[in-house]
Amino acid sequence: MVNDPIADFLTRIRNGVLGRKQEVLTNCSKMSKRIAEILENAGYIAGFSVEKRGPASMMRVSLRYDSTGKSVIEGLKRVSRPGLRAYSSSTDLPVVRSGMGLSIISTSKGVMTGVEARKQSVGGEVLCLVW
């Protein structure tokens, strides 16, 4: 049993990138599916699909590499975790790599990027940083 499914999702992607895999298989939840949508829209992953496997669903995430074979994802960092939650107001949301990265925030209006949260003037729990 996994205590932190978001950290498990990010770790599987990180390990897949380090192992130069084309795709990784992860557990599927509403939160991980929304994070995968954000990563796909931002261009960090090539895509994802949900597969029904018995009682549980699995998600197949296709990783993205540039023409030289280098991964588009340089780093993933889980910020808020079950033992230490990290909340931020709309004015204090983290800026990743001077705007070249992405922060994913869980707000009262749903899971969104830090840029979208700033535009809507909502704060929330800082889930992870991607660069």
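With 131 residues, the chain would be expected to have a radius of gyration near 14 Å if it were a compact globule, and its value of 15 Å agrees with that expectation. The model is a predicted one, and its C-alpha trace spans about 40 × 40 × 25 Å along the principal axes. The chain holds 3 helices and 8 strands, which follow one another from the N terminus in the order α-β-α-β-β-β-β-β-β-α-β.

Some values for the whole chain are gathered here.

| Property | Value |
|---|---|
| Buried residues | 41% of the 131 residues |
| Contacts joining residues at least 24 apart, among those between residues at least 6 apart in sequence | 62% |
| Exposed area supplied by carbon and sulfur atoms | 51% of about 7,400 Å² |

As for charge, the chain carries 20 positive and 11 negative charges, whose mean positions lie 2 Å apart.

In soluble globular proteins, nonpolar side chains tend to be buried together. Here the largest nonpolar core has 24 residues, of which F9, I13, L39, V61, L63, I104 and V130 touch the most other members. At least two residues of this core come from each of α1 (5–18), α2 (30–42), β3 (56–63), β6 (102–107) and β8 (124–130), and α1 gives the largest share, with 5 residues. A second core, separate from this one, consists of 8 residues, including L93, V96, I105 and M112.

I104 can be followed further through its contacts: neighbours within four places in sequence left aside, I104 touches I35, I38, L39, V111, M112, E125, V126, L127, C128 and V130.

How values were computed
Residues numbered from 1 in each chain as written. Predicted model: local features only at pLDDT ≥ 70, side-chain atom pairs only at ≥ 80, totals over all residues. Heavy atoms only, no water. Helix = DSSP H or I, 4+ residues; strand = E, 2+ residues; numbered from the N terminus. Rg over C-alpha atoms; globule rule 2.2 N^0.38 Å. Buried < 20%, exposed > 50% of the residue type's maximum accessible area, 1.4 Å probe, protein only. Contact = heavy atoms within 4.5 Å. Areas by Shrake-Rupley, 256 points an atom, 1.4 Å probe, with all protein chains shown as cover. Lys, Arg positive; Asp, Glu negative; His and termini not counted. Charge placed at Lys NZ, Arg CZ, Asp CG, Glu CD. Core = buried A, V, L, I, M, F, W, Y, C linked by side-chain atoms within 4.5 Å.
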